[in-house]
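This report covers a ligand site, the voids in the protein and a few individual residues. Please look at the sequence and the structure before reading on.

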Amino acid sequence: MGHSDIKLDNLWLPFTPNKDFHQSPRVFTGADGMYFTTADGSKVLDGVSSLWCVGAGHNRREINEAIYKQLQTLDYSTAFQFGNDRAFEAAQMIAALSPGDLNKVFFCTSGSEAADTAMKMALAYHRARGQGQRGVFIGRERGYHGVGFGGMSVGGIGGNRKLFGSAMLPHVDHLRFIHDPVNHAYINSELPVFAEDWLLELEQRLLPLHDPSNVAAIIVEPVAGSAGWYLPPKGYLQRLREICDKHGILLIFDEVITGFGRMGKPFAADYFGVVPDMLNFAKCVTNGVVPMGGVVCRAHVHDAIMSVPTPAHVIEFSHGYTYSGHPVACAAAVATMKLLADEKLFERAAAMGPVLGNAVHAAIKGLPHVISIRALGLAAAVELSPSDKGVGARGYAVFLECLKHGVLVRSAGDNLVLAPAYVVEKPQIEQMVDVLAQAIKRVA
Ligand SMILES: Cc1ncc(COP(=O)(O)O)c(C=O)c1O
């Protein structure tokens, strides 16, 4: 089968320039290990774990078999008023892996749903404690928390707000973005130390403006992933935790990208040594194989909501999804977590991170239009200056050029991101970096 045999008419692709796609379709038909097969039979090296999802690599027998076994045992069961054994097992494993007393797991199906779930938990928590006035949420510029109206409102991605900004949630504000392109354009496996106190604006401007007693929660990605792998300055997350504690504000980490190993630890919370009140996850929890998301919250959040006196038939937290704790997704999650542990894949991600960071800096720093390179954990971003065709045009051209030469990279505006599966080998890192470097030279 070639690309020309595929009927393109009926599928509307997400986050894709559909008109351009139809000029030159890109269709995958298979995947194994680090590679895709395309409709015309060529191989593509997956440099981004397929949207940061496939931490353990593609087509893992252990996960496939667990899914098949689950399908033959309990394919689906109602998510409301009942649990299923696999959901309890997955929740127990996630709680055991999570730092501090993050130990109550609420399942959903995606990172977007996780954002809305965490925000609703924050509102329910404050109301249970007699502080129902706390309805302000603070996100961060260029933060990404998915595409639901809650997540999009606390998010700060201009492109996502362009069409829908008129219907965003009220009572939302944003921290300023974390990037110093002048003094810290090049970062290789070490957090930048900013001369300025980056959170002074929160203490001196945002909190007094809204009054801290009205703020429900602050939500951030520990590392800004979708924007293009931007790293917080040293001490930033610790200080954010302290400010939240001082004012009774809940802290939510969106770890949809950083969770389950990307930082060489189970979570970025472990990497940075900061425990949030709620932690959102998705993607690598099932190796991307079956959609799953969720929020793991600290005992005090859950317990406050449960402590409201209610009759036996009344639901304490009116929220949930048909597919919350889907047995097949939970079987995939259990098998994925076993695989991550058995193969020591967090340690492997930690070991391969500097290999990637060093390779990218050595081969790409100084190439035309390169204005920043940031590497931490097993991910690296190369930022190019925008061309006169507009923001994102150069990044998109480099993405297409890499694909032509057999490597999938991710373009986020004019950032090119590499975030391979944790099982990546050094020669594969060298290949993806070399293809990216050549593409940057050709497209420039
Ligand atoms: C930090 C973060 N939150 C939320 C989401 C949204 O996840 P989903 O696409 O599964 O809704 C993403 C997706 O990339 C993400 O990176």
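Ala, Val, Leu, Ile, Met, Phe, Trp, Tyr, Cys and Pro count here as nonpolar, Asp, Glu, Lys and Arg as charged, and the others, Gly among them, as polar. By that scheme, the second largest pocket is lined by 16 nonpolar, 12 polar and 2 charged residues. The model is a predicted one.

**The second largest pocket**

This pocket has a volume of about 1000 Å³. Its lining counts 30 residues, and those closest to the pocket centre are Ala79, Phe82, Val105, Phe106 and His319. Three elements give two or more residues each to that lining: helix 4 (85-97), strand 4 (102-108) and helix 11 (299-306).

**The ligand site**

Which residues surround the ligand? The shell consists of Ser110, Gly111, Ser112, Tyr144, His145, Gly146, Glu221, Ser226, Asp254, Val256, Ile257 and Lys283. By class, this shell has 6 polar, 3 nonpolar and 3 charged residues.

Three side chains in the shell can be listed with a distance to a polar atom of the ligand. In each row, the distance runs from an N or O atom of the side chain to the ligand atom named.

| Side chain | Ligand atom | Distance |
|---|---|---|
| Serine 112 | oxygen | 2.5 Å |
| Serine 226 | oxygen | 3.4 Å |
| Aspartate 254 | nitrogen | 2.8 Å |

On its own, the ligand has 390 Å² of accessible area, and the protein covers 83% of it. A polar contact is a pair of N or O atoms within 3.5 Å, so the 3.4 Å pair at serine 226 falls inside the cut-off.

**Cavities**

How many cavities of 30 Å³ or more does the structure hold? There are 2.

The largest cavity encloses about 40 Å³ of space. Its lining is made up of Ile178, His179, Asp180, His184, Ile187, Pro192, Phe194, Tyr230, Leu231 and Arg374. Of these lining residues, 6 are nonpolar, 2 are polar and 2 are charged.

The second largest cavity has a volume of about 40 Å³. Its walls are formed by Gly143, Tyr144, His145, Gly146, Gly151, Met152, Gly155, Gly156, Ile157, Asn160 and Arg161. At least two of the lining residues come from helix 6 (149-154), and at least two from helix 7 (158-162). The class count for this lining is 3 nonpolar, 7 polar and 1 charged.

Tyr144, His145 and Gly146 link two parts of this report. They line the second largest cavity, and they also belong to the shell around the ligand.

**Two buried residues with polar contacts**

Is histidine 210 buried or exposed? Histidine 210 is buried, because its relative accessibility is 18% and the cut-off for buried is under 20%. This histidine sits in helix 8 (residues 200-210). Its side chain and that of aspartate 173 are joined by a polar contact of 2.6 Å.

Arginine 241 belongs to helix 9 (residues 236-247). With a relative accessible area of 10%, arginine 241 is therefore buried as well. What does the side chain of arginine 241 make a polar contact with? The partner is the side chain of aspartate 277, at 2.8 Å.

**A histidine in a loop**

Histidine 369 lies in the loop between helix 13 (345-364) and strand 12 (370-375). It counts as partly exposed because its relative accessibility is 30%. Proline 386 is 17 residues from histidine 369 along the chain, and the C-alpha atoms of the two are separated by 8.2 Å.

**Positive phi outside glycine**

Serine 50 has a phi near 50°, a positive value in a residue other than glycine. This serine is part of helix 2 (residues 49-52). Its relative accessible area is 22%, so serine 50 is partly exposed.

Asparagine 59 is not a glycine either, yet its phi is positive, at about 60°. Where does asparagine 59 lie? Its place is in the loop between helix 2 and helix 3 (61-73). At 44% relative accessibility, asparagine 59 is partly exposed, since that class lies between the 20% and 50% cut-offs.

Terms used
Residues numbered from 1 in each chain as written. Predicted model: local features only at pLDDT ≥ 70, side-chain atom pairs only at ≥ 80, totals over all residues. Heavy atoms only, no water. Near = heavy atom within 4 Å. Polar contact = N/O pair within 3.5 Å; in protein donor to acceptor, adjacent residues only side chain to side chain. Areas by Shrake-Rupley, 256 points an atom, 1.4 Å probe, with all protein chains shown as cover. 1 Å grid on protein atoms, 1.4 Å probe; cavity = no way out; pocket = protein on both sides within 12 Å on 5 of 7 lines; lining within 4 Å. Points joined across faces, edges and corners; volume = space filled by probe spheres on them. Helix = DSSP H or I, 4+ residues; strand = E, 2+ residues; numbered from the N terminus. Buried < 20%, exposed > 50% of the residue type's maximum accessible area, 1.4 Å probe, protein only.
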